[in-house]
Number of protein chains: 2
Amino acid sequence: MAIVAEEDKAPGGRRERILRSTIEVIRERGFAGTRVSDIAERAGTSQGLVLYHFGSLAQALSTSLTLLEDEFYTELDEELGQADGPIDRLWHMAELASGYGPAVGDWRLWLELWARAMHDEDARQARESLDRRWRAALLTVIVEGVTAGDFVVSDPARASLRLAALMDGLAIQLALEDPGMTRATFTDLWWEAAVLELQISDPKRDKPPRKRAKTRA
Amino acid sequence: MAIVAEEDKAPGGRRERILRSTIEVIRERGFAGTRVSDIAERAGTSQGLVLYHFGSLAQALSTSLTLLEDEFYTELDEELGQADGPIDRLWHMAELASGYGPAVGDWRLWLELWARAMHDEDARQARESLDRRWRAALLTVIVEGVTAGDFVVSDPARASLRLAALMDGLAIQLALEDPGMTRATFTDLWWEAAVLELQISDPKRDKPPRKRAKTRA
DNA sequence: CGTCAAACTGAATGACCATTCAGATGCCGT
DNA sequence: ACGGCATCTGAATGGTCATTCAGTTTGACG
């Protein structure tokens, strides 16, 4: 049988493949609904192997969170590296959050993580670290903008906290497919708030054009 | 034995007592961690009775959501009835959301509900209905304020959507006990945003004094 | 080739839990 | 007091998993 060809697609060997599958299953079925057999099936291996590599389901889950963090950080750095100037960078963050890339705007996973963080220590740490990083990035952009004269804010820390929170709140609607909330509305509402909060004024750069929209599987 | 005295505390009979216990257990252990035995123990009954009344664990969980909705609505109506004038009412909503009453600001439960809403139809409906109601209340207050001349907004619907989302976002930090987020910071940050968004100006009523702070069990 | 360890498999094993059930117990109308 | 119904109990029952394990395959290296 030629089922083997399947795994060539993902580099990094079986172990990493299992972790990726784990994340996918969590995204679809939630932490609570994730079985060892789901992971194994998705990864095209046996249940035994999952346990062989990670010792327990709990370990597999929490190890997959680490991979998630890596991807998040990578995506964030890469994407922000491309944008130039605070306004453009800020806009880029809005796009990322709206689901542009595979990791940052993966809000269904985020909701799962928040809920799990209340009862699981590893999840708690993962989400706190992720969140801190994201807010730090936002704060950095804001401070840059203030320095460059693009933004006017009295308290950048408060502003970034609020803008980050607004994203999370809007994201809930996005993740839960609330009628009336789309990626477009998301960026739209958020950007308007950002303009207000940061007193962005330059009209021609007020709202950068949307880049190519790549949808995720 | 005089264990019976215990249940006099809660009116409404065993059935309702079980529902209340269910909510408590969900709040503490999450949907995923809630066992029939937990509910029975908490309610001071047998597992059999829980199933006798609700047929299945799933039914017990989703029936308890209905009770939750009732309490939410009641609390909302009662509290908003007390406040007079849009600004006061708005402030009252902030207080409610910060955890003032037992139901509305019960964010740990909210996080659970959001996560469950992605995989369970009853939860989906409950949270949508709850959310709609809350946002409608907010919109009403805003429109009242605009009419009364207390607020100035171009698009009340957008404003209420954004202010509601901001609450949710801030609430996540509150529920997850993020360092630096307290009830006080919550209301503070939110009110500042509201002032900005609604152009609240009357300085002497800019920020009503905090009412008695009642903590929940 | 042959050896050895790591990677891997699939069939037990056993724990945990929702659900079922056979039978108490209380209660209400008569 | 008594039949009958709703309420209630605690001990089975059975299904669904995570985990274990005895053994097979693979691949690196002599």
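Reader: Which atoms of DNA strand C lie within 4 Å of the protein, sugar or phosphate versus bases?
Author: 77% belong to sugar or phosphate, the rest to bases. This is a predicted model: local features need pLDDT of at least 70, side-chain atom pairs count only at pLDDT 80 or more, and totals for chains, interfaces and linings use all residues. Residues are numbered from 1 along each chain as its sequence is written, chains are lettered from A and ligands numbered from 1 in the order written, and side-chain values use heavy atoms, without hydrogens and water.

Reader: Which residues come nearest to strand C?
Author: Arg14(A), Tyr52(A), His53(A), Arg35(B) and Leu57(B), of 14 around DNA strand C. Near means a heavy atom within 4 Å.

Reader: What does His53(A) do there?
Author: A polar side-chain atom of His53(A) lies 3.0 Å from a phosphate oxygen of DNA strand C. For Arg14(A), a side-chain N or O atom is 3.1 Å from a phosphate oxygen of that strand.

Reader: Which helix gives the most to that surface?
Author: Helix 3 of chain A, with four residues. Helices are DSSP runs (H or I, at least four residues), numbered from the N terminus.

Reader: Switching to the protein interface. How many residues of chain A are in contact with chain B?
Author: 37 residues of chain A, with 37 of chain B. Contact means heavy atoms within 4.5 Å.

Reader: How many salt bridges across it?
Author: The rule finds 10 between chain A and chain B. It takes a side-chain nitrogen of Lys or Arg within 4 Å of a carboxyl oxygen of Asp or Glu. One of them joins Arg127(B) to Asp178(A), with the closest N and O atoms 2.2 Å apart.

Notes: A polar contact is a pair of N or O atoms within 3.5 Å; within protein, one must be able to donate a hydrogen and the other to accept it, and residues adjacent in sequence count only if both atoms are side-chain atoms. Helices (H or I, at least four residues) and strands (E, at least two) are DSSP runs, numbered from the N terminus.
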